[in-house]
Amino acid sequence: MALRDQINRHIAELSPYEPGKPLEELAREFGITDAVKLASNESPLGPSPKAVEAVREAAGSLHRYPDGASFELRARLAERLGVGGDQLVFGSGSDEVIELLAKTLLGVGDEVVYAWPSFAMYPIVTRGMGATPIQVPLDAGLAHDLSAMAQAVSERTKLVIVCNPNNPTGTSVGAEAFDRFLDRLPERVVVAVDEAYLEFAQRADMPDALAWVRRRPGVIALRTFSKLHGLAGLRVGYGVTGAELAGYLERARHPFNVNRLAEVGALAALDDDEHIRATLENNRRGLAYLGSEFDSMGIEWWPSDTNFVLARTGADAHDRLLREGVIVRPMAGFGMPDCIRVSVGTPEENERFAKALRRIREAA
Ligand SMILES: *Cc1c(COP(=O)(O)O)cnc(C)c1O
């Protein structure tokens, strides 16, 4: 019997997640050693220096298992968010919390409703459990079509995911539309609101997912330390939900899924107001700069509530930018072959990107 026949079919049929190309790969492939990476929505200002210091200090205790309950981080976040400690579930990135939801809720025949294009992990975790993704196309403005999503909910729907703001389009839905949408959904359906980019959103009427968490037991807000806090390499994120659902997710969780360094780093980053302020300021300026550069090149782009921009740069822009030493995310896998997603960098990185884009367009 072949090995393949032994493999769980739901897993064998998956295509692995394609991450942004690492800088090291560009050095190996093209001999470019000064490349800039604007492909994974990482923080251009780096991690909080306070987090780095906390991680350094904790390194001496690496022979000890972490605190499996993430006691300090839990207490601090519960206080900040005004929820009980038993309403928080931590993961190795919010990716893992999404996976815990899938493991906890889904089986063969169950359906998961989410918008598309959206975060690439949603189909992976859904299919991985043998469940069926129901992908609802974004509207003409590339925002969630919430009424079409409500219509897509069936008897078999276990989970609905709203990525707000949405990756990879940068669009968001406002409070009124969001509230109307949740009012239409049956209470038995679990609703995950993926708020990985929440802090970057500039619209005044962002939905209050935590208010819904208080109101309805099956709503979970997903947050991460990977984006605003610049700790993508540490891997820590969390869900905020009712104590009952949190309890089920806790049963599915590995006891030491959030490591010691991740916990202390996250705790320190949370209170580094100066670093947060600088990161948000850099992002605002960077978004404005990229928007004006796209405008001046006559390139269509979508206003963003995140730390990245989707732009219609032409079909081969991604590969040609690579040769210029600029790594962005190609969108062909999302059915948008003539678009790229570029993360906001430092002012120098943004300029390097804009100049490279001009060069490849003039050469075309
Ligand atoms: C980056 C991202 C996450 C989470 O990333 P982690 O590093 O696993 O915390 C979740 N959802 C979306 C939409 C993201 O872009």
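**Helix packing and aromatic pairs**

Let me start with two helices in this predicted model: helix H13, which covers residues 273–297, packs against helix H15, residues 347–363, at an angle of about 15°, and their axes are 10 Å apart. With angles under 35 degrees counted as roughly parallel, H13 and H15 are therefore roughly parallel to each other, and H13 passes H15 in a right-handed crossing. If you want to find the contact on the structure, the residues in H13 include Gly-286, Tyr-289, Leu-290 and Phe-294, and those they meet in H15 include Phe-353, Ala-354 and Leu-357.

Turning now to the aromatic rings, a search of the whole structure finds 9 aromatic pairs. In one of them, Phe-90 and Tyr-238, the ring centres are 6.0 Å apart and the planes stand at 50°, so this pair is tilted. Because Phe-90 lies in strand E2, residues 88–91, while Tyr-238 lies in strand E8, residues 237–240, the pair ties together parts that are 148 residues apart in sequence. Phe-90 and Tyr-238 are both buried.

Phe-119 and Tyr-122, by contrast, form an edge-to-face pair, at 5.6 Å centre to centre and with 80° between the planes, and these two residues are buried as well. They also belong to a cluster in which ring pairs link Tyr-114, Trp-116, Phe-119, Tyr-122 and Phe-334.

Finally, there are two arginines to point out beside rings: the charged end of Arg-215 sits over the ring of Trp-212, 4.2 Å from its centre, and Arg-341 lies over the face of Phe-308, 5.4 Å from the ring centre.

Conventions
Residues are numbered from 1 along each chain as its sequence is written. This is a predicted model: local features need pLDDT of at least 70, side-chain atom pairs count only at pLDDT 80 or more; totals for chains, interfaces and linings use all residues. Side-chain values use heavy atoms; hydrogens and water are left out. Rings of Phe, Tyr and Trp (its six-membered ring) pair if their centres lie within 6.5 Å; planes under 30 degrees apart count as stacked, over 60 as edge-to-face and the rest as tilted. Helices (H or I, at least four residues) and strands (E, at least two) are DSSP runs, numbered from the N terminus. Buried means under 20% relative accessible area, exposed over 50%, partly exposed in between (1.4 Å probe, protein chains only). A charge sits over a ring if NZ of Lys or CZ of Arg is within 6 Å of the ring centre and within 35 degrees of the ring normal. Axes are lines fitted to C-alpha atoms, for helices over the stretch in contact, and angles run from 0 to 180 degrees between N-to-C directions. Angles under 35 degrees count as roughly parallel, over 145 as roughly antiparallel, 65 to 115 as roughly perpendicular and the rest as oblique. A crossing is left-handed if the near helix is turned anticlockwise from the far one by less than a right angle, and right-handed if clockwise. Contact means heavy atoms within 4.5 Å.
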